[in-house]
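Biologist: Please take one helix of this model and go through it closely, with its surroundings. Plain description will do.

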Amino acid sequence: MTDRRPIALITGGTAGVGLEVARLLAARGHAVAITGRSPDSGAAAIRSLAETSPEVEFFAGDAGNAADNERVVSQLADRFGPGIDVLVSAGAEGTVGPRPFADMSADDVRTAFETRFYPRVLPVHAALPALRQRGGSVVLLTTDAARHPTPGESVVGAAGAAVMLLVKSLAREFARAAIRVNAVAMTITAGTPSWDRIFSNEGYQRQLFERAVSRFPSGR
């Protein structure tokens, strides 16, 4: 047994869902590290989280870059000590949004998959040795398009479905180390950078999600 507080790593934790998860875990007594590609966004997030807990840290890094993830795990150990109790893989910004498959180029297909799959998975690979030290929990965020076929989200959904199947396999593999692995399949969510980006521009993507939001029972 140890009285050291649990350690949480949230990739993509400078805004949106990742930031709110960081805030929740900080309030529950975790030492929290967040990652992101923008030092300015990271500094703003830390100022916000410091109101909840002083045990928060930002490490700049791209969740889709293996070397960045390994460096972040090393920096986290230097700051808070060895081991990770909670990993939330929330850092992935698809650079190719929803669009009909026929309108996508071959490069669009490749980029859409790579920017939505690897940033979810590579942080888990880098953090696994630290997770094994303490057991704990891994959560990967993914998309509801992985569960419900939607015109315009063929590749988005395929990348999400790949994450979901990976989670099922890793849950079996990691169980022997007392590590739980789960996925959360999200739909469009207000108060996130994705929401702001989608609804700030006219076009197919905005029309697609306006129809989706109109079907939400609460209207939001």
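**Helix α3 and its surroundings**

Modeller: The largest share of the lining of the largest cavity, three residues, comes from α3. The model is a predicted one, and α3 is the part taken up here.

The lining of that cavity is made up of T11, T35, G61, D62, A63, D68, N69 and V72. The space inside the largest cavity is about 40 Å³. Counting cavities of 30 Å³ or more gives two.

As for the helix itself, α3 covers residues 66-80, which makes 15 residues. From its first C-alpha to its last it reaches 21 Å, close to the 21 Å expected at 1.5 Å a residue.

The ends come next. At the N-terminal end, N65 acts as the cap of α3, with a side-chain oxygen 3.0 Å from the backbone nitrogen of A67. Just after the helix, G81 has a positive phi of about 105°.

Along the helix, the buried residues are N69, V72, V73, L76 and F80. Viewed down the axis of α3, these buried residues fall within an arc of 100°, so they line one face of the helix. An α-helix has 3.6 residues a turn, so residues three or four places apart point the same way. N69 and V72 are buried in α3, and both also belong to the lining of the largest cavity.

What lies over that face? The cover of the buried residues of α3 includes the strands β1 (7-11), β2 (31-36) and β3 (56-60), together with helix α4 (106-134).

Two of those strands, β2 and β3, also serve another helix, α2: the cover of its buried residues includes α1 (16-27), β2 and β3. Helix α2 spans residues 39-49, and its buried residues are G42, A45, I46 and L49. Down the axis of α2 they fall within an arc of 100°, so these residues too line one face of their helix. On the face turned away from the buried side, α2 carries the exposed residues D40 and R47. For D40 the relative accessible area is 65%. The C-alpha atoms of D40 and A60 are 9.8 Å apart in space, with the two positions 20 residues apart in sequence.

The loops beside these elements can be added. A50 sits in the loop between α2 and β3. With a relative accessibility of 43%, A50 counts as partly exposed. A50 and A26 are 24 residues apart in sequence, and their C-alpha atoms are 9.1 Å apart.

H30 is placed in the loop between α1 and β2. H30 is buried, at a relative accessible area of 13%. Setting aside neighbours within four places in sequence, the contacts of H30 are R5, P6, A8, L25, E55 and V86.

A178 is a further loop residue, found between α5 (154-174) and β6 (179-186). Its phi is near 60°, a positive value in a residue other than glycine. A178 is exposed, with a relative accessible area of 53%.

To return to α3: its buried residues line one face, β1, β2, β3 and α4 are among what covers them, and three residues of the helix contribute to the lining of the largest cavity.

Definitions and conventions
Residues are numbered from 1 along each chain as its sequence is written. This is a predicted model: local features need pLDDT of at least 70, side-chain atom pairs count only at pLDDT 80 or more; totals for chains, interfaces and linings use all residues. Side-chain values use heavy atoms; hydrogens and water are left out. Helices (H or I, at least four residues) and strands (E, at least two) are DSSP runs, numbered from the N terminus. The expected span of a helix is 1.5 Å times one less than its number of residues. Buried means under 20% relative accessible area, exposed over 50%, partly exposed in between (1.4 Å probe, protein chains only). The arc is that of the directions from the helix axis to the C-beta atoms. Contact means heavy atoms within 4.5 Å. A polar contact is a pair of N or O atoms within 3.5 Å; within protein, one must be able to donate a hydrogen and the other to accept it, and residues adjacent in sequence count only if both atoms are side-chain atoms. On a 1 Å grid over the protein atoms alone, a cavity is a set of points where a 1.4 Å probe fits but cannot get out, and a pocket is an open set with protein on both sides within 12 Å along at least five of seven lines; lining residues have an atom within 4 Å of a point. Grid points are joined across faces, edges and corners, and a volume is the space filled by probe spheres set on the points.
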